[in-house]
Structure formats: C-alpha cells, structure tokens
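Work through the following exercises with the coordinates open beside you. Each one sets a task and then takes the solution step by step.

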Amino acid sequence: MDRDSRIYIAGHTGLFGSNTLRYLQEQGYRHFLLRTHRELDLTRQADVEKFFQKERPEYVFVMCGKVGGIAANAGRMAEFAMENAQMSLNIIDSAHKYSVKKLLYLGSSCMYPKNSLQPVKEEYLLQGEMEPTNEGYALAKILGLKACTYYKRQYRDDFISCIPANVYGPGDNFDEADNHVIPALLQRLHCAKQEGAADVVIWGSGKPRRDFLYIEDAVRACVKLMQDYTEDETINIGTGESISIRELAETAAQVTGFEGELVFDTTKPDGMMLRALENSKITSMGWKPQVTLAEGLRRTYDWYLAKEAHGA
C-alpha cells in the first residue's frame with residue numbers, strides 16, 4: 001500500500017473507520033474512495049458490485065457494521081445477524097471479483113466463546129458456545145472472518161482479518177440506544193454530575209472484566225497488519241490485560257468529576273464474565289499499546305464535551 005493507492009474504508013464515519021481515515025491522511029495517503037450509508041447501502045449486493053466495478057479499490061478496510069450494547073444486541077438479534085452478514089459477504093465477494101490487492105476484515109472480541117480460557121487465543125474461535133446476548137452479531141462477524149480465510153485458501157486472495165479488544169475513543173457512538181459501555185458510562189456520569197444526582201445505576205454486578213483498547217492504538221495495529229501481515233489465521237489486537245467494569249466505572253467517575261455513588265443493578269445481565277485477548281502475535285510484530293486507560297478516557301471525554309458544546 002503506497003501513498004497513491006486507491007483505498008476504500010467501509011464504515012469511514014464510524015469509530016474505527018473515521019480514525020483510520022484520519023491516521024492514513026496524516027501519514028500522507030491521499031486517494032480514498034468513501035461512501036456514506038446513504039450513498040451506498042452495503043446490504044445490497046448489486047450496489048456493492050457496481051461500486052467495486054466502477055471505482056476499482058486496491059486496498060479495502062472492512063470496518064462497517066451494525067453495532068450496539070447488550071440491550072440492542074439481545075433485542076434486535078435478527079437485524080444484527082442479517083445486516084452484518086450481508087455487508088461482510090457483499091464486500092468480500094466483490095473484492096474478490098474485482099481483484100482487490102489486499103483486504104483487512106475487522107472482527108470483534110465478542111466472537112469468542114462465552115467460556116473461553118483466558119487470555120483468549122486466536123485458536124479458541126468456534127471452540128464453544130457464544131454469549132447468548134450477542135450471538136446473532138457474533139455469528140455474522142465470524143462468517144465474514146471465515147469468508148476471508150476461505151477466499152484466501154481457494155483463490156489466494158490476500159484477505160486477512162483481525163479481532164480487536166473493546167475499542168473506544170474520540171468518534172465513539174454516544175447514542176443511548178446503541179452505545180457501548182465506555183461512551184454509555186461517560187455520558188451518564190456527565191449528565192449525573194450536571195444534574196447533581198446522588199447516584200448512577202450501572203447494569204450488572206460490575207465484576208465482568210474486559211480488555212479496553214484506545215482507538216489510536218487499534219488503528220496503528222490495523223495499518224501495520226495491512227502493510228506486513230499475510231497469514232490466513234486471524235490475529236488479536238489487545239492490551240493483553242483486563243479491568244473490571246467496576247474499576248472502569250470508578251476511573252470514568254474520576255475523569256468526569258462525578259462524586260456520587262455508583263450503584264450496580266445485579267438484576268441486569270453481565271454478559272461474558274471475563275474477556276481479555278492474548279496478544280503475543282501482534283506484539284511480536286513490534287506493535288504495542290501506548291495510551292493508558294485513564295488517559296484514553298480523558299481524551300474521549302474531552303472529545304465528547306467539545307461535541308456537546310458545538311451541538312453535534
């Protein structure tokens with residue numbers, strides 16, 4: 001991938017895609033093929049093929065998807081399964097038909113089985129049952145990941161995949177209906193501080209542990225993989241460490257300045273109790289995370305405040 005390569009980032013307005021676009025622009029890349037959902041519906045196979053036939057992208061980052069937290073995933077499972085599968089397969093097949101030089105497919109750590117040994121190694125994929133609350137989304141993402149492997153083995157297409165940890169940062173989704181744990185926490189704590197609330201209720205026991213990765217670190221890893229990785233096995237991108245949701249909430253409260261009580265509602269589901277990614281493959285390539293959780297939360301909160309100040 002050189003500075004003049006034609007690069008398509010599917011999902012360039014989302015957290016991963018927008019930060020990847022900005023990073024590549026900062027590195028001097030200048031030929032991007034970008035379409036919003038309104039301009040190109042990736043669930044429509046004919047439209048995707050027409051785009052690839054006309055624009056002939058050379059490098060493709062598959063960073064699109066319908067995503068959400070526990071409530072959204074559990075309540076709209078058919079929608080999450082169908083749309084994510086359609087988007088993934090349409091892009092991968094068109095990339096094959098129109099001779100894309102290299103494709104990177106972005107998976108999700110929720111693809112791993114509910115009761116995986118920890119930290120989770122790449123070979124644990126499909127070695128057990130999915131977490132029930134996000135099974136539809138996880139299976140759709142697995143299908144896309146496996147399609148990359150199959151096209152690589154059958155046609156020798158240079159299609160690779162990676163599985164990032166729980167990624168967060170500027171550009172994250174703060175929509176209450178669909179957001180993940182970090183933007184949800186920051187937003188609720190901020191509002192509670194503004195309203196002078198005595199407490200904030202958080203779903204679950206606070207005991208589950210997660211591997212949280214700042215978006216800039218994740219993007220650096222993805223670009224490095226696009227440049228240097230060619231194996232058909234997927235590769236984890238994570239810190240290799242985990243923090244409990246309770247510890248995360250306490251750190252987020254410090255960042256936002258909320259001084260009230262954190263109340264954990266144990267009637268709500270926890271999801272997977274422990275999920276941290278084993279990261280020796282990616283670190284052996286010379287990558288390692290650079291931004292601490294506290295610093296990452298501060299940058300994310302600052303971005304949120306600026307966004308709110310501008311009425312975005």
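The exercises below concern a predicted model, and they go from sheets to helix packing and then to single residues.

**Exercise 1. Find the order of the strands in the open sheet of 6 strands, and identify its edge strands.**

Solution. Reading across the sheet, the order is E2-E1-E3-E4-E5-E10, and the pairing is parallel. The next step is to look for strands that pair on one side only, and these are strand E2 (32-33) and strand E10 (235-237). Within the sheet, strand E1 (residues 7-10) is joined to strand E3 (residues 59-62) by 4 bridges, the two strands running parallel. To fix the register of this pair, note that Ile7 stands opposite Tyr59 in E3. Finally, helix H1 lies across E1, E2, E3, E4 and E5, and its direction makes an angle of about 155 degrees with that of E1.

**Exercise 2. Describe the open sheet of 3 strands, and explain why one side of E11 and of E13 is left without a neighbour in the sheet.**

Solution. The order here is E11-E8-E13, and the pairing is mixed. Strand E11 (243-244) and strand E13 (274-275) each have a single partner strand, so each of them stands at an edge with one side unpaired in the sheet. For the pairing of strand E8 (residues 209-210) with E11, the sense is antiparallel and there are 2 bridges. One bridge partner can be named directly, since the model places Ser244 of E11 as the partner of Arg209.

**Exercise 3. Determine which residues of strand E7 belong to its covered face and which to its uncovered face, and then find how E7 pairs with E12.**

Solution. In strand E7 (residues 199-203), Val200 and Ile202 form the covered face, whereas Asp199, Val201 and Trp203 form the uncovered one. Turning to the pairing, E7 and strand E12 (residues 261-265) run parallel and are joined by 5 bridges. Val201, which belongs to the uncovered face, has Val263 of E12 as its bridge partner.

**Exercise 4. Classify the packing of H1 against H7, and that of H8 against H10, as roughly perpendicular or oblique.**

Solution. Begin with helix H1 (residues 15-26) and helix H7 (residues 215-228), whose axes are 9 Å apart and which pack at an angle of about 70 degrees. Angles of 65 to 115 degrees count as roughly perpendicular, and H1 and H7 are therefore placed in that class. The crossing of H1 past H7 is right-handed. On the H1 side the contact is made by Leu15, Phe16, Asn19, Thr20, Tyr23 and Leu24, and on the H7 side by Ile215, Ala218, Val219, Arg220, Cys222 and Val223. Sorted by class, this contact of H1 with H7 comprises 9 nonpolar, 2 polar and 1 charged residues.

For the second pair, helix H8 (residues 245-256) and helix H10 (residues 293-309) pack at an angle of about 50 degrees, with an axis separation of 10 Å. That angle makes H8 oblique to H10. H8 also passes H10 in a right-handed crossing. The meeting residues are Leu248, Thr251, Ala252, Val255 and Thr256 in H8, together with Leu293, Ala294, Leu297, Arg298 and Tyr301 in H10. By class, the contact of H8 with H10 divides into 7 nonpolar, 2 polar and 1 charged.

**Exercise 5. Locate the backbone features at Ser99, Arg156 and Pro119.**

Solution. The background for this step is that most residues other than glycine have a negative phi, and most peptide bonds are trans. Ser99, although not a glycine, has a positive phi of about 55 degrees, and its place is in the loop between helix H4 (77-97) and E4. Arg156, also not a glycine, has a positive phi of about 65 degrees, and this residue lies in the loop between H5 and strand E5 (159-164). Since exposed means over 50% relative accessible area, Ser99 counts as exposed at 58%, and Arg156 likewise counts as exposed at 76%. The peptide bond joining Gln118 and Pro119 is cis, with omega about -10 degrees. Pro119 is found in the loop between strand E4 (102-106) and helix H5 (135-155).

**Exercise 6. Decide whether Ser94 is buried or exposed, and find which residues it touches.**

Solution. Ser94 is found in helix H4. The relative accessible area of Ser94 is 1%, and the cut-off for buried is under 20%, so Ser94 is buried. Leaving aside residues up to four places away in sequence, Ser94 touches Val48, Glu49 and Phe52.

Notes. Residues are numbered from 1 along each chain as its sequence is written. This is a predicted model: local features need pLDDT of at least 70, side-chain atom pairs count only at pLDDT 80 or more; totals for chains, interfaces and linings use all residues. Side-chain values use heavy atoms; hydrogens and water are left out. Buried means under 20% relative accessible area, exposed over 50%, partly exposed in between (1.4 Å probe, protein chains only). Two strands pair if DSSP finds at least two bridges between them. Axes are lines fitted to C-alpha atoms, for helices over the stretch in contact, and angles run from 0 to 180 degrees between N-to-C directions. Angles under 35 degrees count as roughly parallel, over 145 as roughly antiparallel, 65 to 115 as roughly perpendicular and the rest as oblique. A crossing is left-handed if the near helix is turned anticlockwise from the far one by less than a right angle, and right-handed if clockwise. Contact means heavy atoms within 4.5 Å. Ala, Val, Leu, Ile, Met, Phe, Trp, Tyr, Cys and Pro count as nonpolar, Asp, Glu, Lys and Arg as charged, and the others, Gly among them, as polar.
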